[in-house]
Amino acid sequence: MINPKILVTGATGKTGGAVVTQLLAKGVPVRAMVRTPDKRSAALEARGAEVVVADVFDPGRLMDAMRDVQRAYYCPPYHPFVIQSASAFAVAAREMDLEQIVGLSQWLAGPNHPSLMTRQLWLIDRMFAALPGIAHTVVNPGFFADSPYLEMMPFAAHLGVFPLPVAGESLNAPPSVDDIARVAVAALLDPARHAGKSYRPTGPKLLSVDEMAAVIGRVVGHKVRHVRTPLWMFYKAAKAQGLEPFLLSGLRHYFQDHDRGAFAVGTPNDTIRELTGKDAEDFETIARRYAALPQSRQSVGARLAAFARFMAVPMLPGFDPATYDRAQKQPTPPTPHLALDDADWKASHGIKDSVVVHSPLKMAFA
């Protein structure tokens with residue numbers, strides 16, 4: 001039997017790159033779609049992927065990228081007009097007779113969420129599901145272990161702090177990027193079995209942010225403590241690191257959802273084992289990979305440089321998400337609700353009113 005050719009968008013990103021790597025390891029032909037060629041796309045090509053340069057917002061270029069392709073992994077760009085990207089993708093998929101789309105979504109996706117990205121992901125899921133003759137599978141993780149938690153590894157390794165604007169008691173069972181990709185690959189290799197399904201991959205254990213800090217401390221060999229960073233300071237540091245304003249705008253809502261317990265609901269689960277036959281990676285295993293990266297390797301010079309960057313943060317330019325949203329003239333629902341305040345979100349996620357929410361405030365919704 002000839003393996004189908006699979007298109008992977010966002011192929012040099014986190015989940016996209018992992019999907020490409022795993023498909024190639026299984027001998028599946030992959031067309032890796034990238035926005036611009038660079039060292040990362042050259043590495044994919046060297047491993048056997050067919051690399052194509054295309055704009056995910058351009059239906060014509062997407063049709064060209066889908067020529068002779070049977071299935072696709074759609075990784076949405078984090079962009080204010082992501083719905084246009086998905087619409088272009090849907091048009092191209094119909095025109096090119098694609099048989100399957102596996103789409104990366106979000107656990108929080110719902111029609112009334114205050115984050116525009118989250119509302120658009122909810123629409124995208126439903127638009128793809130409505131495409132006739134195309135099998136559709138949703139992969140909807142919460143916060144990854146890799147991001148935002150382990151992006152803080154250099155601070156933990158060099159300064160002994162784990163800075164995040166959430167409560168230390170706030171809970172999640174974060175999956176690795178590789179495990180999220182494994183779920184997507186399992187769906188891509190068996191469209192009939194996974195058509196119409198929505199999968200939420202999680203890590204194997206529910207952890208508080210304080211417990212994550214303790215795990216990271218074991219990995220780096222010294223005590224690491226969580227510091228609840230003020231949001232204004234987090235914005236300054238994130239902006240300096242090049243995070244897009246649209247992402248920063250949504251993060252304030254996601255951090256609130258984190259503290260409310262939205263990421264703790266329904267975790268941990270066995271999705272990864274059931275779909276892939278292997279246990280989900282634990283947080284310590286993932287943390288050890290990040291601790292081994294060059295930016296986290298410990299030395300006196302690295303520690304002094306990290307300290308200088310940390311101390312400079314209060315003097316950096318800030319970011320006002322409300323002003324940004326108004327300037328963008330973003331549409332808003334009549335009554336925006338965080339996930340656990342939204343009856344529609346709870347109903348669509350199979351959450352009953354009697355479920356107790358794990359959160360630092362020990363809230364239950366009635």
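Biologist: Where is the place of Pro148?

Modeller: Pro148 sits in the loop between β6 (135-139) and α6; helices (H or I, at least four residues) and strands (E, at least two) are DSSP runs, numbered from the N terminus. Before we go on, note that this is a predicted model, in which local features need pLDDT of at least 70, side-chain atom pairs count only at pLDDT 80 or more, and totals for chains, interfaces and linings use all residues. Residues are numbered from 1 along each chain as its sequence is written, and side-chain values use heavy atoms, with hydrogens and water left out.

Biologist: Which peptide bond leading into Pro148 is cis, and what is its omega?

Modeller: Look at the step from Ser147 to Pro148, which is cis with omega near 15 degrees. A second case is the bond from Thr267 to Pro268, cis with omega near -15 degrees. Pro268 also belongs to a loop, the one between α11 (245-260) and α12 (271-276).

Biologist: Turning to phi, what value does Asp68 have?

Modeller: Asp68 has a positive phi of about 65 degrees, although it is not a glycine. You will find Asp68 in the loop between α3 (59-66) and β4 (71-74). Lys329 has a positive phi too, near 55 degrees, and is likewise a residue other than glycine. Its loop runs between α15 (321-328) and α16 (343-348).

Biologist: Is Asp68 buried or exposed?

Modeller: The idea is a simple scale: buried is under 20% relative accessible area, exposed is over 50%, and partly exposed lies in between (1.4 Å probe, protein chains only). Asp68 has a relative accessible area of 59%, so it is exposed. Lys329 counts as exposed because its relative accessibility is 75%. Pro37 is exposed as well, with 60%. That proline lies in the loop between β2 (30-34) and α2 (39-46), and its C-alpha is 6.9 Å from that of Val53, 16 residues apart in sequence.

Biologist: And Met66, is that one buried or exposed?

Modeller: Met66 is buried, with a relative accessible area of 0%, and belongs to helix α3.

Biologist: Which residues does Met66 touch?

Modeller: A contact means heavy atoms within 4.5 Å. Leaving out residues up to four places away in sequence, Met66 touches Leu7, Arg31, Phe89, Ala92, Ala93, Met96 and Leu98. For Met96 there is a backbone distance to go with the contact: the C-alpha atoms of Met66 and Met96 are separated by 6.6 Å, with their positions 30 residues apart along the chain.

Biologist: What does Ala238 touch, by the same rule?

Modeller: With residues up to four places away in sequence again not counted, Ala238 touches Leu243 and Leu248. The residue is part of helix α10 (residues 231-240) and is buried, at 4% relative accessible area. Between the C-alpha atoms of Ala238 and Gly318, 80 residues apart along the chain, the separation is 9.5 Å.

Biologist: Let us move to empty space. What volume does the second largest pocket have?

Modeller: Rolling a probe the size of a water molecule over the atoms shows where empty space is left. A pocket is an open set of points on a 1 Å grid over the protein atoms alone where a 1.4 Å probe fits, with protein on both sides within 12 Å along at least five of seven lines, and lining residues have an atom within 4 Å of a point. Points are joined across faces, edges and corners, and the volume is the space filled by probe spheres set on them. Here, the second largest pocket has about 490 Å³. It is lined by 17 residues, and those closest to its centre are Lys14, Asp146, Tyr290, Leu293 and Gln295.

Biologist: Which elements give two or more residues to that lining?

Modeller: They are α1 (14-25), α6 (153-159), α7 (177-188) and α13 (283-291). The largest share, 3 residues, comes from α1. By class, the lining has 7 nonpolar, 5 polar and 5 charged residues (Ala, Val, Leu, Ile, Met, Phe, Trp, Tyr, Cys and Pro count as nonpolar, Asp, Glu, Lys and Arg as charged, and the others, Gly among them, as polar).

Biologist: Finally, the whole chain: how many helices and strands are there?

Modeller: The protein has 16 helices and 11 strands. Its radius of gyration is 20 Å, close to the 21 Å that the globule rule gives for 366 residues, so the protein is as compact as a globular protein of that length. That radius is taken over C-alpha atoms, and the rule is 2.2 Å times the number of residues to the power 0.38. Along the principal axes, the C-alpha atoms fill a box of roughly 55 × 50 × 45 Å.

Biologist: What percentage of the residues counts as buried?

Modeller: Of the 366 residues, 53% are buried. As for contacts with a separation of 6 or more, 78% are between residues 24 or more positions apart.
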